[in-house]
Amino acid sequence: MSILTPSMFVGKFAISKAYGDGNSKLQEYIDHYETKYLNELFGAELCTLFLAGYSSVEIYEVLFDAFAYDSPCKGVVISEGIETMLKGFILAHYSREDLGTSTAQGKIMLSTEGGEKISDNYDFVFTVYNQAITTYNAIIQRIKDNSTDYPEFKGKAKELSYFI
């Protein structure tokens, strides 16, 4: 069961799905990266518990939704919520890895007719990825500050990145 669906990638997280397989390609990214990042965030055991109860168990709902609070260790901690975090990670990977179209002659980049491809795509990718990292680490801090509620926690914090 996925938290995200391709239809959720709108607005700030919009991904062009102009070609026939756009949704299925995006679903592949969701299936791969959603599980990866949730397991890294929580550890395998807590991830399983979280996925079973994120919409009905209060200690998991708190992590799922956006929050801001004063941490005794880190000051103000702000999370944009797990959906936003996952959309950021998936958008960053999709934008970075899906730069061309596979053909019989190899991977090619289509040329545009009425415009020019922006050259700072990597800055965008890192910005979105690092915003997701900030929420990821905020969720970990919330778990650490309430460790008695999450004894199965085995996740690890992540550093901001300049490459993916």
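## A methionine to start with

Let's begin at one residue and work outwards. M85 touches L41, A132, T135, Y136 and I139, leaving out residues up to four places away in sequence. Keep in mind that you are looking at a predicted model.

M85 also appears in a bigger grouping. It is listed with I3, L41, F42, F50, I82 and I139 as the residues with the most contacts inside the largest nonpolar core, which has 43 residues. Which elements each supply at least two residues of this core? They are α1, α2 (44-53), α3 (58-64), β1 (67-71), α4 and α5. The largest share, ten residues, comes from α5.

## The overall layout

Now step back and look at the whole chain. The protein chain has five helices and four strands. If you follow the sequence from start to end, the pattern reads α-α-α-β-β-α-β-β-α.

The chain has 164 residues, and buried residues make up 40% of them. Among the contacts with a separation of 6 or more, 70% are between residues 24 or more positions apart. As you read on, look out for partners that sit far from each other in the sequence.

## Rings that meet

Aromatic rings are a good thing to look for in this model. The count comes to 13 aromatic pairs. One of them is Y29 with Y33, a stacked pair with 6.1 Å from centre to centre and 25° between the planes. Both of these tyrosines lie in helix α1 (residues 22-42), four residues apart, or about one turn of the helix. Are Y29 and Y33 buried or exposed? Both are buried.

A second pair, F89 and Y129, is edge-to-face: the centres are 5.3 Å apart and the planes are at 65°. F89 belongs to helix α4 (residues 82-97) and Y129 to helix α5 (residues 121-145), so this pair ties together parts that are 40 residues apart in sequence. Both pairs take part in one aromatic cluster, formed by Y29, Y33, Y37, F89, Y94, Y129 and Y136.

## A closer look at F89

Why does F89 count as buried? Its relative accessibility is 0%, and buried means under 20%. Its ring partner Y129 is buried too, because its relative accessible area of 9% is also under 20%.

Setting aside neighbours within four places in sequence, F89 is in contact with Y37, Y129, A132, I133 and Y136. Take I133 as an example: F89 and I133 are 44 residues apart in sequence, and their C-alpha atoms are 8.2 Å apart in space.

## An arginine above two rings

R142 is worth finding in the viewer. It lies over the face of F67, at 4.7 Å from the ring centre. The charged end of R142 also sits over the ring of Y69, 4.8 Å from the centre of that ring.

## A cavity inside

How many cavities of 30 Å³ or more does the structure hold? It holds one. The largest cavity contains about 40 Å³ of space.

The residues lining the largest cavity are K12, F13, E80, T84, M85, G88, V128, Q131 and A132. So here is M85 again, this time in a lining. The elements that give two or more residues to this lining are α4 and α5.

## Two more places to visit

K74 is in the loop between β1 and β2 (75-79). With a relative accessible area of 58%, K74 is exposed, because the cut-off for exposed is over 50%. K74 and A138 are 64 residues apart along the chain, and 9.5 Å separates their C-alpha atoms.

L49 lies in helix α2. Its relative accessible area is 34%, so L49 counts as partly exposed. Apart from neighbours within four places in sequence, L49 is in contact with Y60 and E152. How far apart in sequence are L49 and E152? They are 103 residues apart, while the C-alpha to C-alpha distance is 9.1 Å.

Technical notes: Residues numbered from 1 in each chain as written. Predicted model: local features only at pLDDT ≥ 70, side-chain atom pairs only at ≥ 80, totals over all residues. Heavy atoms only, no water. Phe/Tyr/Trp six-rings, centres within 6.5 Å; stacked < 30°, edge-to-face > 60°. Buried < 20%, exposed > 50% of the residue type's maximum accessible area, 1.4 Å probe, protein only. Lys NZ or Arg CZ within 6 Å of the ring centre and 35° of its normal. Core = buried A, V, L, I, M, F, W, Y, C linked by side-chain atoms within 4.5 Å. Contact = heavy atoms within 4.5 Å. 1 Å grid on protein atoms, 1.4 Å probe; cavity = no way out; pocket = protein on both sides within 12 Å on 5 of 7 lines; lining within 4 Å. Points joined across faces, edges and corners; volume = space filled by probe spheres on them.
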